[in-house]
Amino acid sequence: MSTEGLGMRIVIRGIVQGVGFRPFIYNLATRLHLSGWVQNSSRGVEIEVSGPSATLADFLDEIKQHPPVLARIDSLEAQSIAPNGAVEFSIRESLPQPGEFIPVSPDVSICPDCQRELFDPADRRYRYPFINCTNCGPRFTIIQDIPYDRPNTTMAGFRLCPDCRREYEDPGDRRFHAQPIACPQCGPHLWFEQEGQVLAHREDALQLARQKLRGGGILAIKGLGGFHLACDASNPQAVDELRRRKRRSDKPFALMVYDLQTLSRHCQVSAAEAILLQSRQRPIVLLDRKPGSTIAAGAAPHQPTLGVMLPYTPLHLLLLEPGPGFPEVLVMTSGNLSEEPIAFQDDEARQRLSPLADGFLLHDRPIHTRVDDSVARIASGTPYFIRRSRGYAPDPIRLPVNVPPLLAAGAELKNTFCLARQNYAFVSHHIGDMENRETLRSFETGIEHMERLFHIQPELIACDLHPDYLPTRYALDRAERQHLPLIRVQHHHAHLAACLADNGLPPDHAVIGLCFDGTGLGTDGGIWGSEFLTGDCTTFQRRFHLAYTPLPGGEAAIRRPARMAMAHLWQAGIPWEADLPPVAALPAQERRVLQAQLEHNLNAPPTSSMGRLFDAISALLGIRQEATYEGQAAMELEALADPDETREYPFSIQGQIIDPAPVLAALLADRRRGISLSRLSARFHYSLVSVVAQACQTIRSETGLNEVALSGGVWQNRFLLEHTIPTLEKQGFAVYIHRQVPPNDGCISLGQAVVAASSIRI
Ligand code: ZN
Ligand code: ZN
Ligand code: FE
């Protein structure tokens with residue numbers, strides 16, 4: 001070995017930009033006395049380095065073993081080259097390459113170093129609400145274009161002051177090339193507005209906001225990916241007033257507490273939940289509420305769980321800082337009217353939120369992309385998403401195979417879209433329910449933005465079978481306009497495929513898919529929703545499903561569990577007797593109309609929906625007759641289930657039809673016998689677990705398939721999930737559940753993407 005040593009060229013791909021990777025490499029190489037350079041390119045990070053071979057080996061080990069906290073190395077390729085003759089190690093300017101792409105970092109919650117500086121009176125960013133560094137701060141929400149440099153972010157309008165510039169340019173500084181770097185001298189600032197008047201700036205604005213919250217006021221607060229509406233969660237008047245103004249029915253409000261210690265007074269927090277709460281993504285985590293909590297009942301009506309998050313920006317920390325008389329817990333619900341997307345631009349927020357808020361806490365850092373808070377809980381020991389958005393999007397899901405550049409438009413409700421290329425599937429942030437123009441605009445601009453960021457020009461478009469869904473219409477239009485092939489994917493097939501992709505399984509990996517949800521158009525024109533499928537990403541077969549039941553009034557039945565219960569009774573041939581809660585709940589006139597509707601099959605499409613069966617059972621047992629949001633009746637049924645109960649009732653299975661009639665009859669008989677609702681709820685759940693196991697065994701004996709994938713919104717039911725998994729496992733099945741995307745329709749775009757890609761593979 002010569003004394004000059006060897007040369008090496010290294011290409012690292014993954015999340016390696018905007019995460020302090022170059023200064024990390026610079027400092028490492030300098031410490032090891034290696035020479036050469038590092039630079040960002042559109043492939044990732046490229047390095048040329050020279051030195052003794054043993055040191056080069058150490059260099060590689062150190063990169064692999066201790067990369068910067070926010071980095072994710074997807075691949076590292078190293079090849080020997082001639083030593084480059086450089087004397088020192090340097091950081092070179094970025095090198096764009098057309099057609100390539102690099103992942104964009106999601107937003108990152110405030111890091112411990114910044115948090116310490118925020119509360120250090122000697123620090124020049126003491127109490128500065130926009131403190132951030134290479135390891136934390138806004139990313140996806142402020143990025144307008146790539147490469148990720150300050151002029152391509154919403155920080156472009158803020159000129160760095162000399163102190164910030166020094167930090168930005170010093171490879172030894174924690175803020176080296178931190179694009180959103182700012183300080184009180186040069187960065188964004190806060191102000192407080194009421195009825196169009198600015199009442200206070202900076203710290204005064206913060207204190208005024210705290211004073212209003214302490215006094216029971218409702219504020220609109222501009223955050224990272226949009227506006228929140230905030231109030232004291234322990235003040236019942238404030239909570240009820242917010243609910244009234246927001247017209248938010250009974251849907252639970254998200255809450256924020258200062259720290260884990262405070263949270264432990266209100267909720268049970270397991271070790272796994274604590275880790276998720278404190279993770280850099282800081283999602284809203286669903287937790288079991290403690291009996292002694294002071295949080296107002298109106299924050300989450302009829303729910304034993306609360307959705308709570310910890311502060312994820314410096315502004316949140318300052319806002320929630322413990323103080324005499326200051327609320328321990330704030331409601332921090334998305335700033336919108338029920339059903340509308342969250343507001344994210346100042347003027348739009350002033351207009352839409354003025355009737356809802358007593359004042360506005362605003363700042364002048366623009367939000368480029370509207371991103372809602374993520375929601376997750378711990379299931380079987382690991383995170384399980386209800387909504388994957390802030391902190392996670394736009395991290396790609398890695399696919400086990402390469403796919404052509406494509407766009408999948410996603411579902412109508414809980415919409416996400418998915419752009420994919422090579423082995424990356426970029427599942428978007430949560431777009432929402434596609435029921436209004438605002439949401440449609442957010443969907444369209446989101447697609448344009450992500451196509452630009454990731455250099456994806458779709459050559460293929462995927463969408464649902466349902467012709468009236470707004471995402472389907474977008475897909476149809478665009479495919480026609482751009483002469484692109486369009487693949488229509490059945491909703492539950494998309495669920496199955498999404499669960500395969502989520503678990504890293506290849507597209508030709510056949511499984512049993514239990515796709516249980518509220519709604520999805522079937523290939524026979526029926527409204528499916530309890531689909532026992534077999535198949536892979538290319539094809540599927542429907543093996544079992546619930547007996548078709550009329551859905552009176554179509555999708556409107558979602559809000560009317562009582563009507564759904566009546567339809568199930570009618571279908572089961574059980575008379576509408578006066579002591580049955582849904583019968584008692586509906587006026588005689590409505591019952592007559594309903595009966596005519598069912599008998600003459602008027603506006604009552606057939607459905608095999610599992611979600612609607614849960615609704616019907618909830619109504620039958622007298623738990624909920626009217627729902628203010630989808631899934632409410634089912635959630636309240638689940639909440640009652642007594643885990644100590646063991647009995648179950650038999651469904652009848654004939655051919656591929658699973659008939660709930662005997663279960664309904666048995667539940668009603670036992671209800672009349674005075675068995676408690678908790679036991680009846682548990683028995684219904686166990687009956688379902690049992691029929692699922694039975695059906696899976698039949699499918700296994702026919703097909704040899706031994707793996708089961710669980711997808712669909714019904715699997716958000718923890719009682720059902722946590723009893724189904726061990727039951728199936730005891731019988732020797734391997735069970736896959738969602739891990740990276742939610743089981744609900746937020747996963748549909750991923751499923752459509754992999755089905756579409758498989759359909760054209762040669
Ligand atoms: Zn930081
Ligand atoms: Zn500055
Ligand atoms: Fe679904």
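Is G5 buried or exposed?

**View 1. Surroundings of G5 in the predicted model.** With a relative accessibility of 7%, G5 counts as buried, because the cut-off for that class is under 20%. G5 lies in the segment before strand β1 (6-15). Apart from neighbours within four places in sequence, the residues in contact with G5 are G51, P52 and P83. L440, by comparison, is separated from G5 by 435 residues in sequence and by 59 Å in space, C-alpha to C-alpha.

**View 2. The open sheet of 5 strands and helix α1.** The strands follow the order β4-β1-β3-β2-β5, and their pairing is mixed. Strands β4 (72-81) and β5 (89-91) occupy the edges; each has a single partner strand, so one side of each lacks a neighbour in the sheet. From one strand to the next, the twist averages 15 degrees. Helix α1 (residues 21-31) packs on this sheet and touches β1, β2, β3 (44-51), β4 and β5. The direction of α1 makes about 170 degrees with that of β5.

**View 3. Pairing of β2 with β5.** Strand β2 (residues 35-41) pairs with β5 in the parallel sense, over 3 bridges. W37 has S90 in β5 as its bridge partner.

**View 4. Packing of helix α17 with helix α20.** The axes of α17 (residues 610-620) and α20 (residues 677-703) come within 11 Å of each other and cross at roughly 155 degrees. Because this angle is over 145 degrees, α17 is roughly antiparallel to α20. The crossing of α17 past α20 is right-handed. On α17, M610, L613, F614 and I617 meet F684, H685 and L688 of α20. The residues of this contact comprise 6 nonpolar, 1 polar and no charged.

Methods: Residues numbered from 1 in each chain as written. Chains lettered and ligands numbered in written order. Predicted model: local features only at pLDDT ≥ 70, side-chain atom pairs only at ≥ 80, totals over all residues. Heavy atoms only, no water. Axes fitted to C-alpha atoms, helices over the stretch in contact; angles between N-to-C directions. Helix = DSSP H or I, 4+ residues; strand = E, 2+ residues; numbered from the N terminus. Parallel < 35°, antiparallel > 145°, perpendicular 65-115°, else oblique. Left-handed = near helix turned anticlockwise from the far one by under 90°. Contact = heavy atoms within 4.5 Å. Nonpolar A, V, L, I, M, F, W, Y, C, P; charged D, E, K, R; others polar. Buried < 20%, exposed > 50% of the residue type's maximum accessible area, 1.4 Å probe, protein only. Pairing = 2+ DSSP bridges.
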